[in-house]
Amino acid sequence: MLAKNRYAGKSGPAANAGGTAVKSRETERAGRNRKLNTEASAPAQKKAGIYDYSLLFIVLVLLSLGLVLLYSTSSYIAAVENGDSAFYLKRQLIFTVMGLVLMGMVAFFPYRWWRYLSIPGYLITIALIIMVIPFGREVNGAKRWLYFTDNISLQPSEMAKVSIIILTAFIIELIGRRRLQTAWGFLVPMVPAGIIAVMLWKITNNMSSALLILAIAFGMLFVACPDYKRFVALAAMGIAGCIGIVMYIVRTAEQNNMGFRGGRVLVWLNPQAYADDTGYQTLQALYAIGSGGMFGKGLGQSMQKIVVPEAQNDMIFSIICEELGLFGAISIMILFIMLIWRFILVAGNALDLYGALIVTGVITHISVQVVLNIAVVTNTIPNTGVTLPFISYGGSSLFFLLAEIGMVMCVSRTSVKAEAEYELEHSGG
Amino acid sequence: MSRRDRERRGRAGAPGQGKVRRGPRRFTISMQKRLVVLFLIVAAAFLVLAFRLILIQRDNGRSYTMQVLSQQAYDNKSLPYKRGKITDSKGTVLADSQLVYNVIIDASQMLEEEEYLEPSLNAVTRLGIDKEEIRAYVTEHPGSQYYIAKKNLPFQDKRAFEKENQEGAQAEREAQQKAVEKARRQGKPDSEAEKVELVYSNIRGIWFEDNYIRNYPCGTLAADVIGFTVGNNRGSFGLEEFYDETLNGVPGRTYGYLDASLNMEQTTIEPTDGNNLVLTLDANIQSICEKYLKEFNEELKDHKHKGNGSNNAACIVMDVNTGGILAMASEPGFDLNDPYDIKKVAGMPKLNDEDAITTNYLTEAEAEALSDKDRSRYLNALWNNFCISSHFEPGSTAKPFTTAAGLESGKLKTTDTFLCTGYLDVDGTAMKCAHLEGDGMLDVAGAIERSCNVSLMQEAFKIGPEVFCKYQNAFNFGLKTNIDLAGEARTDDYLYAAEDMKNVDLASNSFGQNFEATMIQMAAGYCSLINGGYYYQPHIVERITSASGSTVQTNSPRILKKTISEETSDLIREYCILAVEGDHATGKLARPAGYRIGGKTGTAETHPRKLNQWVVSFLGFAPAEDPQICIYVVLDRINNKKQDEAGRACIVARKIMTELLPYMNIYMTEPLTDEERLELEELGLYDTNERN
């Protein structure tokens with residue numbers, strides 16, 4: 001209660017400034033508290049570390065939920081493969097703790113300094129991606145990992161997401177709002193993202209990450225540009241393009257000469273026809289979802305976790321559906337919505353454009369990744385390997401995600417602090 | 001997100017603008033609006049996905065749930081049980097199941113490391129499996145974990161293979177150890193030690209799976225009685241079929257399931273081996289019978305026509321006082337270890353479309369050329385146990401039964417006499433006696449001694465059809481004896497009912513024509529005639545023991561009925577002894593050296609009569625004073641111009657008994673002639689039975 005009061009006291013004005021439309025009980029209470037406590041608590045707030053507790057709370061809930069669900073889904077495969085049912089849990093726990101430490105550090109690292117780190121970071125990322133060619137290790141038929149030791153590895157694509165966020169935000173800030181409206185100004189921020197995307201696609205054969213990186217840059221541009229028309233046009237073109245490609249693949253399906261992506265489209269359209277090979281994962285995930293019912297079979301009761309390939313990874317959401325049912329699945333989706341809403345508040349309240357754009361990048365990253373993951377699991381789009389943020393197993397992903405959260409917290413912390421100082425100045429003198 | 005909210009937010013942000021130090025570029029309200037648009041897009045996407053989830057549940061929930069449940073079969077493997085043994089009364093194993101192994105290839109293990117493949121493939125060759133075949137399979141199915149590369153590998157081969165592997169691996173380990181020690185002495189680190197080439201240590205992915213195959217150590221011995229198994233555990237014919245359930249055990253099972261905390265639990269239910277059969281049959285007696293039947297068959301083989309020495313030559317030896325079968329043999333036989341050998345049907349009479357025999361005989365070339373359907377017809381005929389499945393008109397061996405019926409019912413007195421003039425006119429039909437010149441005046445004993453049809457017909461008329469049929473029924477003619485063997489025939493269709501019986505039928509029935517019986521019916525009935533009237537259930541299994549050897553069930557001798565009185569039995573015995581020993585006896589040839597026996601010959605014409613084909617037989621007992629065994633020899637249509645020679649059956653019976661009686665520790669009671677002494681010496685039986 002104390003924490004809440006404190007939080008409310010500080011972030012209250014910020015929340016208002018950010019424009020909360022959700023008149024939750026909490027914010028109302030926060031408002032009341034603010035009125036009551038402003039005078040007394042304001043000086044105290046200044047000394048304490050300033051955090052967006054509600055953001056932190058949602059992240060922690062997602063993380064702990066993720067650990068529980070990860071244990072539930074991975075215990076069988078871990079016991080079979082490693083002889084230790086907690087194998088994945090232990091590793092993920094270590095990643096989580098390390099990630100949280102990193103998050104805390106990033107949260108106190110002045111975010112504006114990222115601007116100067118963005119170009120070196122980008123270059124390092126590119127170097128790492130290139131290093132995959134000679135040094136990468138193949139896992140599950142894809143060469144995407146850099147192994148430092150047998151146990152410590154890195155997926156450069158995860159790092160690319162962070163570096164693209166800080167770099168694109170920097171470029172947009174440099175170009176300025178007015179010049180963004182020109183065609184040149186619109187294209188330049190997309191260039192670094194485009195380069196990385198092509199590299200990820202060609203070198204690591206990882207189209208989903210490439211698309212995600214393009215989406216992040218695109219989302220940031222969308223928020224920064226004062227124009228809707230070109231985005232509507234681009235979206236329409238994108239949709240038309242997708243439909244065209246799908247129709248082309250279906251038409252030429254008989255010739256049987258397309259790569260695995262073309263095959264995935266065919267599987268997407270009719271998973272039953274490929275039930276024994278390429279459609280197996282999709283179909284088994286659908287079986288898991290379908291068998292869950294309203295409230296699921298209960299935590300740990302999944303039968304499909306033995307059958308669904310990569311159940312602890314890309315397909316974890318299907319096991320959530322099976323164990324926790326529609327109720328649990330939608331609850332998790334609501335958690336993500338709440339998280340994104342918190343981000344929106346932080347972005348809207350940011351002191352400067354750079355901070356707001358970083359948050360926007362994180363918003364796009366997380367929301368697109370969640371949507372893609374759930375869409376894949378429900379066979380709404382063709383199968384592509386995207387993990388579910390905070391919940392799927394994976395060190396690199398978790399590590400950089402928590403770094404991103406740290407950045408968001410830093411933006412939030414900076415703005416709240418400035419707001420508090422301002423109010424202090426006003427009330428005090 | 002109402003307009004008013006947004007305005008208020010704008011206002012709230014406004015006061016700070018001037019005073020608080022902001023970044024170089026402010027995040028404008030229009031950008032904030034676009035952020036909200038972004039949020040709405042994401043929220044819409046979430047909504048669509050939530051809707052999609054609900055749709056999947058609604059439309060496919062049921063079928064998908066069923067699908068999930070249907071996929072829940074984990075690692076379920078049946079473990080074979082051992083089918084029970086069949087042993088004779090002395091413990092000789094007639095059928096048992098041998099442990100053999102199936103060689104299982106686990107491709108994924110073989111391919112786990114590169115250096116595993118070659119040693120493993122080379123090891124496979126040692127098991128007599130083609131290396132390249134396995135290589136091809138392993139390359140094509142790298143994920144396969146279960147492939148039966150070879151079936152029925154004998155235990156010795158498996159043991160030799162495992163021993164070699166073990167010793168080889170041990171040697172390699174020691175060599176490696178030595179190399180390491182050597183390196184240490186030279187002060188080099190372990191990793192620089194000389195590498196020993198690992199061959200045996202790198203064998204992977206070869207497993208053995210238990211399996212059983214049925215084995216018949218005695219091959220052809222008692223083949224018809226024992227029967228064989230199809231697919232190792234389904235009995236076919238004989239004991240294997242009749243006692244199929246007893247012999248079969250319960251297969252075990254290993255299965256994995258997931259317990260509450262989702263650990264894979266492996267559970268094994270051990271198989272229960274089948275029960276064993278211990279027979280009353282004695283392999284020695286059986287082989288004596290088979291030896292002489294074979295000898296007879298060889299003697300007359302291709303004699304008149306190409307083919308076996310007779311259509312069937314069969315012999316039953318029964319324990320008179322228990323009903324236990326001591327031997328049951330028939331020719332032609334077959335090898336239980338290779339029952340499908342088509343060569344064995346050569347020499348058998350050809351079958352017509354209704355599976356009835358013809359007078360043509362199958363040559364070996366014809367046998368080889370049989371179509372699949374015909375093959376199974378002939379093989380079935382071969383596999384049939386003649387002693388219980390075939391029926392025929394018994395002929396004169398039925399005369400003691402007729403006499404017994406008359407004496408027991410009181411219709412006949414021992415003092416009754418009958419005149420034989422060579423034939424008897426029955427309702428206008430002249431029914432001939434075997435001796436056309438006529439036997440003259442005969443009493444009841446003489447009628448049996450000389451096997452006089454005319455006297456027996458007159459006896460039958462005295463008895464009358466009602467009593468006659470009643471006694472036929474009492475002697476169990478026409479009914480199954482319920483001997484514990486598969487395929488026993490029922491012959492009630494070939495018997496007359498009293499109300500349908502005309503005089504001609506009664507007359508012919510009296511000397512064993514015009515009704516049909518199986519050998520086992522005749523032998524079981526005859527036992528009761530001579531043992532004091534006790535009809536024992538004929539049986540071949542003495543007891544059933546469990547796999548561990550304890551007795552599960554004992555088939556003690558079971559008296560089903562009393563057919564005749566002791567007194568009548570004594571008389572019949574006396575008459576039958578007379579039929580072997582008497583001056584005019586027909587069964588003289590059946591008496592073995594040194595023993596007194598009783599018995600009755602039989603010479604029966606088969607249907608259709610015009611073919612002039614005969615079944616000759618001898619049905620007797622030994623020894624005369626204290627009958628212990630009943631022997632019934634039947635020669636069905638011998639391969640000779642003249643088929644109606646009952647003497648041939650007597651000779652076979654005599655030969656069998658000559659060996660059998662000493663074997664059964666029955667002492668000789670009669671003096672031996674020089675000739676007989678020589679004969680016994682030749683057989684090697686004289687010394688053991690020397691008497692002063």
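How many bridges join strand 11 of chain B to strand 27 of chain B? Nine bridges join strand 11 to strand 27 (residues 629-638) of chain B, and the two strands run antiparallel; strands are taken to pair if DSSP finds at least two bridges between them. The model is a predicted one, in which local features need pLDDT of at least 70 and side-chain atom pairs count only at pLDDT 80 or more, whereas totals for chains, interfaces and linings use all residues. Residues are numbered from 1 along each chain as its sequence is written, while chains are lettered from A and ligands numbered from 1 in the order in which they are written.

Chain A has 16 helices and three strands, and chain B has 22 helices and 27 strands; helices (H or I, at least four residues) and strands (E, at least two) are DSSP runs numbered from the N terminus. Of the 429 residues of chain A, 52% count as buried, and in chain B buried residues make up 43% of 692, a residue being buried if 20 or more other C-beta atoms lie within 10 Å of its own, exposed if 12 or fewer, and partly exposed in between, with C-beta atoms placed from the backbone. Among contacts in chain A between residues at least 6 apart in sequence, 71% join residues at least 24 apart, where a contact requires C-beta atoms, placed from the backbone, to lie within 7 Å. In chain B, residues 24 or more positions apart account for 71% of the contacts with a separation of 6 or more.

Strand 11 of chain B belongs to an open, antiparallel sheet of five strands in the order 12-11-27-26-25. Strand 12 (325-331) and strand 25 of chain B stand at the edges with a single partner strand each, so one side of each is left without a neighbour in the sheet. The twist averages 5° from one strand to the next, angles running from 0 to 180 degrees between N-to-C directions and axes being lines fitted to C-alpha atoms, for helices over the stretch in contact.

Within this sheet, ten of the ten residues of strand 11 of chain B are buried. In the pairing with strand 27 of chain B, B:Ala314 has B:Val634 as its bridge partner. Strand 11 (residues 310-319) of chain B is also joined to strand 12 of chain B, in the antiparallel sense, by six bridges, and B:Ile316 is there the bridge partner of B:Met328. These two strands form a hairpin with five residues between them, and B:Gly323 in the turn has a positive phi of about 85°. Towards the other edge, strand 25 (residues 598-605) of chain B has seven of its eight residues buried, and its antiparallel pairing with strand 26 (residues 614-622) of chain B extends over eight bridges, with B:Thr603 partnered by B:Val616. Helix 20 (residues 566-581) of chain B lies across strand 25 and strand 26 of chain B, running at about 70° to strand 25.

The largest nonpolar core has 131 residues, and those with the most contacts inside it are B:Cys315, B:Ile316, B:Val317, B:Ala523 and B:Tyr632; such a core is a set of buried Ala, Val, Leu, Ile, Met, Phe, Trp, Tyr and Cys residues joined through C-beta atoms within 7 Å. Leaving aside neighbours within four places in sequence, B:Tyr632 is in contact with residues including B:Cys315, B:Ile316, B:Ala523 and B:Leu619. A second, separate core of 123 residues includes A:Leu283, A:Leu326, B:Leu38 and B:Ile56.

Elsewhere in chain B, the buried residues of helix 17 (residues 465-474) are B:Pro465, B:Phe468, B:Cys469, B:Tyr471, B:Gln472 and B:Ala474. What covers them includes helix 14 (399-409), helix 16 (453-463), helix 18 (503-510) and strand 24 (559-562) of chain B.

In chain A, the axes of helix 6 (residues 156-175) and helix 9 (residues 190-203) come within 10 Å and cross at roughly 170°. That makes helix 6 of chain A roughly antiparallel to helix 9 of chain A, a term applied to angles over 145 degrees. Among the residues that meet are A:Ile164 and A:Leu167 in helix 6 of chain A and A:Ile196 and A:Leu200 in helix 9 of chain A. The residues of this contact divide into seven nonpolar, two polar and no charged, with Ala, Val, Leu, Ile, Met, Phe, Trp, Tyr, Cys and Pro counted as nonpolar, Asp, Glu, Lys and Arg as charged, and the others, Gly among them, as polar.

How values were computed
Two residues are in contact if their C-beta atoms, placed from the backbone, lie within 7 Å. Angles under 35 degrees count as roughly parallel, over 145 as roughly antiparallel, 65 to 115 as roughly perpendicular and the rest as oblique.
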